[in-house]
Every structure is written in C-alpha cells, then in structure tokens.
Amino acid sequence: MNGTDTKPTAHLPKKPKLFQTLISDSEIQSEFSHHDSTIARINNGSFGSCPQSIISAQQSWQLKFLRQPDHFYFNGLRKGIIESRQVIKSLVNADHVDEISIVDNATTAAAIVLQSVSWAFSQGKFKEGDGAVMLHYAYGAVKKSVEAYVTRAGGYVIEVQLPFPVASASEIVDEFRKALERGKRNGRKVRLAVIDHITSMPSVVIPVKELVKICREEGVDQVFIDAAHGIGCVDVDVKEIGADFYTSNLHKWFFCPPSVAFLYCRKSGNANDLHHPVVSHEYGNGLAIESAWIGTRDYSAQLVVPQVLDFVNRFEGGIQGIKKRNHDVVVEMGEMLAKAWGTHIGCPPDMCASMIMVGLPACLGISSDSDTLKLRTHLRDNFAIEVPIYYRAPKDGEVNLVTGYARISHQSSNSEKVFHDVYRLLIVSSSMKNNGQPFISAELPSWLVLMVSLP
C-alpha cells in the first residue's frame, strides 16, 4: 500500500516471537476495556489506542524510576532505550541501530531535521533563495516548522499542489515533478524535500519510493519522509524507500502509549549536524544518545516498545495481518458510507491504509473549515461520535461538488464495535434532513435500512 508500489515488499522483523495461542476477541475487549464504550470511536488516527497490558508495563517502568531514580538512571534507562531502538531497527530494516533515535513524536523529529537545514543556511552551506519542497497537504505542525526553520533562514518553500479527490498515484507524481521544476527556476537549488507517507487530512497514501527516486534524479540534497501514521499502517522498509530521514509515531498505529516516535537518519556525512532541539548533558554524543536523555522526564513510553511488539505478534499475521485487516475493513466501511450517502471515497482503495476519506452529502452545506469544526463538535457533543471532518474548497468553475469529507479510521482495538459505530453515524445522518428528506440515497440491505430508520 505505497501508492504506485504494487509488489509485496513488506519487511518483517527478524525472528519475531511466535505465540502458539492467538489473542481472542474477548482478550482484545479486555485489553481495551478502559475505552469509553459510549463513544463511537472512528478516529484512531489522531491519538491511537494503547492496550491495558502495555499500560501496566509502562506503569512498571514508572515505578522503577520512582522507587530508586539513581539506579534507574545508571542501570536501567540506557539499556532499555537501546532495546527499544533495536526493535525499531528490525521493524524498519535499518542497517544499524545508530541510525535510529527515539523522540517524543514526529513533530519533534521534523524539528530536528529542519533545524539542521536552518543551520546550513546560516553557515553559508545553502544560499538564500535555495528551496525546500513540501506537499500542500503536509501536516499543519510540520508546515509551521518549515516556516520557523527554513523560511526565516532565507529558504524558498514550494508547495506541491496535490489533487483531491485523487484518482491515481500518477497524479501525485506529475504534480511533484512540476513543483521541483518551479523550485529549480532561476538557478536555485532544492535542498530538502518533505514528503508525507500518509497525509493526515485528507488522508492519502503517497507513492514515497517513486518520489524519493525522482528527488535523487533531480539533485535534491536531502529527503525527509514524515510518516506520522507509518508504523502499523503501511509497509516501512527504510532501505527500499531510500530517504535520508524517516519518522513515524509509534502511538498511533503500533499500540504504544503516547507519546513516542522514532527518527531514522541514514548514515552519511551530514549525520553529525543533527541535534535534539532540547540541549542537555549528552550534546555532541550523537543524536540517538542526545535524544535518550533530555533531562528528567517520563521515558516510560519509549521503554515499552519490546512489550508492544510482543502484543502485536499475538494477532494473526502480526503487524502485517493487522495492517491488512484494518485496510480491508476501513475500505468496506468507506464504500458502504459512500453508497448510503450517494457520494464517493476520496482515493482508490490501494491509496488508503487504515483510514479512508468519505464524501459527505452536499445538503450539509459545508463551506469552510469553521463548518467542519462545528459539525465535528455537534457529532461529539450530541451523538457521542468522534470523527474528523475535512473541507475541500471548490475551484473556479466547479459545480455540484462534494466539499465535506469524513475521515474514517479502523484499528483492531475496535473490531467488535466498529460497524456499530459506523451504523450510528448512518443513523445520525438519517436525522439530518434535506427539505424533509433523509439524505441516505442508496439502496441498502433491509437489515441496515431498519437500523438507519430508527428514531
């Protein structure tokens, strides 16, 4: 599920621990019994979900620190962080554990990479007006980081204007090439490309391997893949992808407690220019060591990664099985909603991962970002439905356009009630009428018609 990448090239951790007894449905329910069962939880993409056994493992680490902080610091912390980095190294197929640093989240990882670009401008390595390319749909916090580190340092930022809805990965590739051409006009050089693996809003899997290849052909100095949703959602093999930097959160789709992420930095001469933005006693000892101690704080989320991998391997097929099931279920839900609402999904199924964009009925009248927030708040406060809403502004000359989209997520933690949650969204939608008529437009199975007709 990497856009144009069609061959099954998924990398698996070496010699994963095998569990003779797979996790049962009742055990899954027990692991996530702390979730509020009254909420239709269709938004795993924002904050993820953490099982009770991992919460217990995290609390065990916290107590080790609180009981004897000095022993924990000198004899436990560093060893535990290295073990977590070793797990991540195997998961993403890195060459060496030194290429893996553990940080709070993908936003921190972006700051590390962009900080080094800013220094390159200030030190004269890059010239004022040299460019950085990023997707128009880049995550908002990363856009702000680009503004703070690159634009302020004198860099010229080019946004790739991606289509949405998108019909194929080739549309993204074509727009990316155009953006690189703009970035190289008047003798400028493109110093950095920031590419999402999965855009957040709207959610689309980007053909990262092909875009990285284009960057190499066009002489882009460095490529940073922002894969906040990567691990547990799409295949991640950093050597196949070929970027200089790759980051992913582990709390979104890999069941870690919030918050923890990794930053992969391919070994090169530029590696020594990377530093954690929080400077502490380990400054100068390499990014991985710097990141492992940024002062007194709670490191427990970073220490439970080995236990999380054990939990993941209790599912049939391990991480690969979870990704496939999540993808299949979310596509089924998305297509069902689109049929019921008489709309469409935002991209082909092979460009979805564990999230899918579904067009909302035009009669909702979504005409601004403010409208999406109002609708999302209305669904949360009045119907206990948690789902992100996206506004797609119409272009000149477009008519009868779907301007609102719901982003539907599926994670294995919600398997037992996910269809009930989506049906609740359908029931609510049937109560939002257009001139007195429900906007559920498709012919639905009789049992589902009964459900959505309930008062």
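1. Three strands make up an open sheet, ordered β9-β12-β11, with antiparallel pairing. Helices and strands here are DSSP runs, numbered from the N terminus: a helix is H or I over at least four residues, a strand is E over at least two. Two strands count as paired if DSSP finds at least two bridges between them. β9 (355-359) and β11 (389-391) are at the edges with a single partner strand each, so one side of each has no neighbour in the sheet. On average, neighbouring strands of this sheet are turned by 30° against each other, direction ignored. For such values, axes are lines fitted to C-alpha atoms (for helices, over the stretch in contact), and angles between N-to-C directions run from 0 to 180 degrees.

2. The basis of the model should be stated early. This is a predicted model, in which local features need pLDDT of at least 70 and side-chain atom pairs count only at pLDDT 80 or more, while totals for chains, interfaces and linings use all residues. Residues are numbered from 1 along each chain as its sequence is written, and side-chain values use heavy atoms, with hydrogens and water left out.

3. Within the three-stranded sheet, β11 and β12 (residues 404-409) run antiparallel and are joined by three bridges. Which residue of β12 is the bridge partner of Tyr 391? The partner is Gly 404. Helix α13 (residues 318-341) lies across β9 and β12, and runs at about 5° to β9.

4. A second open sheet has seven strands in the order β2-β8-β7-β6-β5-β3-β4, and its pairing is mixed. Its edge strands, β2 (100-103) and β4 (156-160), each pair on one side only. Neighbouring strands of this sheet are turned by 15° against each other on average, direction ignored. Five bridges connect β7 (residues 245-249) with β8 (residues 261-265) in the antiparallel sense. In β8, Phe 262 is the bridge partner of Ser 248.

5. Helix α7 (residues 169-183) lies across three strands of the seven-stranded sheet, β3 (131-135), β4 and β5 (190-196). The helix runs at about 160° to β4. The axes of α7 and helix α8 (residues 208-217) come within 11 Å and cross at roughly 25°. That angle makes α7 roughly parallel to α8; by definition, angles under 35 degrees count as roughly parallel, over 145 as roughly antiparallel, 65 to 115 as roughly perpendicular and the rest as oblique. α7 passes α8 in a right-handed crossing (the near helix is turned clockwise from the far one by less than a right angle; anticlockwise would be left-handed).

6. In the contact of these two helices, Ile 172, Val 173, Phe 176, Arg 177 and Leu 180 of α7 meet Glu 210, Leu 211, Ile 214, Cys 215 and Glu 217 of α8. Contact means heavy atoms within 4.5 Å. By class, this contact has seven nonpolar, no polar and three charged residues. Ala, Val, Leu, Ile, Met, Phe, Trp, Tyr, Cys and Pro count as nonpolar, Asp, Glu, Lys and Arg as charged, and the others, Gly among them, as polar.

7. Helix α12 (residues 305-312) packs with helix α4 (residues 69-92) at about 45°, their axes being 8 Å apart. The angle makes α4 oblique to α12. Glu 83, Ser 84, Val 87, Ile 88 and Leu 91 of α4 meet Val 305, Pro 306 and Leu 309 of α12. These residues divide into six nonpolar, one polar and one charged.

8. Pro 306 lies in α12. Which residues does Pro 306 contact, leaving aside its neighbours within four places in sequence? They are Glu 83, Ser 84 and Val 87. Pro 306 and Ser 84 are 222 residues apart along the chain, yet their C-alpha atoms are separated by 5.9 Å.

9. Helix α3 (residues 52-67) also packs with α12, at an angle of about 165° and with axes 10 Å apart. This makes α3 roughly antiparallel to α12. The crossing is right-handed. Ser 53, Ile 54, Ala 57 and Trp 61 of α3 meet Gln 307, Val 308 and Phe 311 of α12. The contact divides into five nonpolar, two polar and no charged residues.

10. Confidence is given by pLDDT, the predictor's confidence in each residue, from 0 to 100. The chain has a mean pLDDT of 89, and 88% of its residues reach 70 or more. Over residues 1-10 the pLDDT is below 50, and this stretch has 28 contacts in the model beyond near neighbours in sequence. Over residues 434-455 pLDDT stays under 50, and the model has 36 contacts beyond four places in sequence for them. Where pLDDT is low, the predicted coordinates should not be read in detail.
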